[in-house]
Amino acid sequence: MSDSTDDPTGGPTDDPRAEATADGGTGAGAGPPRRARLRIWRGDGPSGRLTDYTVDAHEGEVVLDLIHRVQATLAPDLAVRWNCKAGKCGSCSAEINGRPRLLCMTRMSLFAPDEVLTVTPMRTFPVIRDLVTDVGFNYAKAREIPAFVPPRGLGPGEYRMSQEDVARSQEFRKCIECFLCQDVCHVVRDHEENKESFAGPRFLMRAAELDTHPLDAAGERGLDRARDAQKEHGLGFCNITKCCTEVCPESIRITDNALIPLKERAVDRAYDPLVWLGSRIRRRRRDD
Amino acid sequence: MATETAPNAPASRAAIGARHLRTDRWWLAPAATALALLTFIGYASWRAFSDADYYAAPYVSPFYSPCLAEACEPMRGGPNWALVGEWWPLSPALVILVFPLGFRMTCYYYRKAYYRSFWASPPACGVAEPHRSYSGERRFPLILNNAHRYFFYASAVIACVLTYDTVLGFRDEEYAWGHMGVGTLLFLVNIVLVWAYTLSCHSCRHAMGGRLRNFSRHPVRYRLWTWVSRLTGRHMALAWASLISLGLCDLYVYLLATDVISDPRLF
């Protein structure tokens, strides 16, 4: 491994291979390459450390290109999860200079030529190795959100919905599940103990998606998604500081269009006596 | 760069000791927000407690409107109704300011602003907050933020009163109608911004149609929801613009009332 350092502080180390010139790819752009310095997290969670690498960076390249160049020329055992390299699979989530980003969608031109890029795994999740994290927390939370409940009397292929009715939930369907919003949310990022009772923005958005779905028949089965979001999935933890929206690579307005509307729906049920009374009367009339 | 092992980091996370690894000026936005809010709080507190120089015919400071105390200055045709008797020892502004203050304190934008800039929870994205524990808006007092919609209703009523004040601004010092001064222009801009901010509120958006599941069955509410949604996208800008315009209107009235300036008449 190129991170053969015994620096107990986890500080940057001088890897002999890393300092060697590395030009492992054909230049993506027409101009001459520049030298880019990266500090990459190597190892597992408790004993890992930042390791320095210097590689060529060509015009038009993204950070994932440089990670691959490091892998190809200096550190063949560097672990990084990636797949589509087009910002659609959500695999290459990491943190660059402390900001959660997709490696494949972060252009090198975003940074100053002499800027050192610190690439670390998502801080909220356990590290498996190097830049690869265990995102199983998210799959566990996904299972806690009750699935879409099909309406009675309609089979597959018989669903008919107006565009204006599905537009809201369609925005949330753009989610690529990169989990950057889960990573940046301070509720779990800074407080591991909240993981048990907080689903995170991605899955509260899922609850909002289903709660606004025109054909979801959860209510007929006794499910109240807004109430569950508040009582079961920790909606009250969210203090709407909008970091989830800031980091979303799909530009989904998570806070404005999912979390706040869900909070308002929860307020309808829990804190608004007029809305509560109105819904009771309407329900009684419907039952009559 | 500090990367020593974090003492309290869970064993399996990357043991990065630094609170953050950001290299940009992440502190600038919360610092500027805190400075701007503190400046306004300081100015508004001085003006609200001063109980003086809030009326210069035909303009009344938005901090004192409607003026609901017996001790209010007489304003011909103005929104002063003596609902609170002479037993009220404080400034009449304090009777009414609790509603717009509550509206802004519970506003979804201002919540983000003060959580980030005053409470550092978090100060910026990816920057660790300094608190040992976090319970969010689930407990007193922050659970009171759920009362935002009630403050919205109250603020909409106050915005109606401020609209009335703006109409009264089309008079001159002698209360003759059909005149306009620089103050009238200022009040016009202010009321547009106040309404835009009030209507861009997320609770307003929810009331218009957010709670519906089938927009196609409610075309009018869908149209209203669409319009409000466009405004909601600019809620932050409108929050600041209306806050500044309210302060400027009050300052203008103060300068007129203390004879520092005179109101240039346009016609």
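These legends accompany close-up views of a predicted model.

**View 1. Chain A as a whole, with its confidence.**
Chain A holds 11 helices and 7 strands. Its mean pLDDT is 88, and 86% of its residues reach 70 or more. Residues 1-27 fall below 50 in pLDDT; beyond near neighbours in sequence, this stretch still has 64 contacts in the model. Of the 288 residues in chain A, 50% are buried. Contacts that span far along the sequence are well represented: among those between residues at least 6 apart, 67% join residues at least 24 apart.

**View 2. The two domains of chain A.**
Domain 1 covers 16-133 and domain 2 covers 136-287. Their C-alpha centres lie 34 Å apart. Where the domains touch, domain 1 supplies 12 residues and domain 2 supplies 13 residues. What kinds of residue make up the side of domain 1 that touches domain 2? That side divides into 6 nonpolar, 4 polar and 2 charged residues.

**View 3. Strand β3(A) and its two partners.**
β3 (93-96) of chain A pairs with β4(A) through 4 bridges, and the two run antiparallel. Within this pair, Ser93(A) has Leu102(A) as its bridge partner. The two strands form a hairpin with 2 residues between them. Asn97(A), in the turn, has a positive phi of about 50°. β3(A) also pairs with β5(A), again antiparallel, through 2 bridges. Here the bridge partner of Glu95(A) is Thr120(A).

**View 4. The two faces of β3(A).**
In a regular strand the side chains alternate between the two faces of the sheet. In β3(A), Ser93(A) and Glu95(A) point one way. Ala94(A) and Ile96(A) point the other way. Are these four residues buried or exposed? All are buried, on either side of the strand.

**View 5. Leu78(A) in its loop.**
Leu78(A) sits in the loop between α2 (63-73) and β3 (93-96) of chain A. Why does Leu78(A) count as buried? Because 23 other C-beta atoms lie within 10 Å of its own, and the cut-off is 20 or more. Setting aside residues up to four places away in sequence, Leu78(A) touches Ile40(A), Val70(A), Gln71(A) and Asp130(A). Tyr139(A) is 61 residues away along the chain, and the two C-alpha atoms are separated by 25 Å.

**View 6. The largest nonpolar core.**
This core has 122 residues. Which of them touch the most other members? They are Val63(A), Val70(A), Val119(A), Leu204(A) and Leu262(A). Chain B takes part as well: its helix α8 (residues 235-257) gives the most to the core, with 9 residues. Domain 1 and domain 2 of chain A each contribute at least three residues. Val70(A), one of the residues named here, is also a contact of Leu78(A).

**View 7. The surroundings of Leu262(A).**
Leu262(A) is in contact with Leu204(A), another of the core residues named in the previous view. Leaving aside neighbours within four places in sequence, its other contacts are Ala207(A), Ala208(A), Asp211(A), Ala226(A), Ala229(A) and Leu235(A).

**View 8. The side of chain A that touches chain B.**
Here 50 residues of chain A are in contact with 43 residues of chain B. On chain A, at least two residues come from each of β4 (99-102), β5 (117-120), α4 (163-172), α6 (186-189), α9 (243-247) and α10 (254-270). Which element gives the most? It is α10(A), with 7 residues. By type, this side of chain A divides into 19 nonpolar, 17 polar and 14 charged residues.

Technical notes
Residues are numbered from 1 along each chain as its sequence is written. Chains are lettered from A and ligands numbered from 1 in the order in which they are written. This is a predicted model: local features need pLDDT of at least 70, side-chain atom pairs count only at pLDDT 80 or more; totals for chains, interfaces and linings use all residues. pLDDT is the predictor's confidence in each residue, from 0 to 100. Two residues are in contact if their C-beta atoms, placed from the backbone, lie within 7 Å. Ala, Val, Leu, Ile, Met, Phe, Trp, Tyr, Cys and Pro count as nonpolar, Asp, Glu, Lys and Arg as charged, and the others, Gly among them, as polar. A residue is buried if 20 or more other C-beta atoms lie within 10 Å of its own, exposed if 12 or fewer, and partly exposed in between; C-beta atoms are placed from the backbone. Domain bounds come from an automatic or database domain assignment. Two strands pair if DSSP finds at least two bridges between them. A nonpolar core is a set of buried Ala, Val, Leu, Ile, Met, Phe, Trp, Tyr and Cys residues joined through C-beta atoms within 7 Å.
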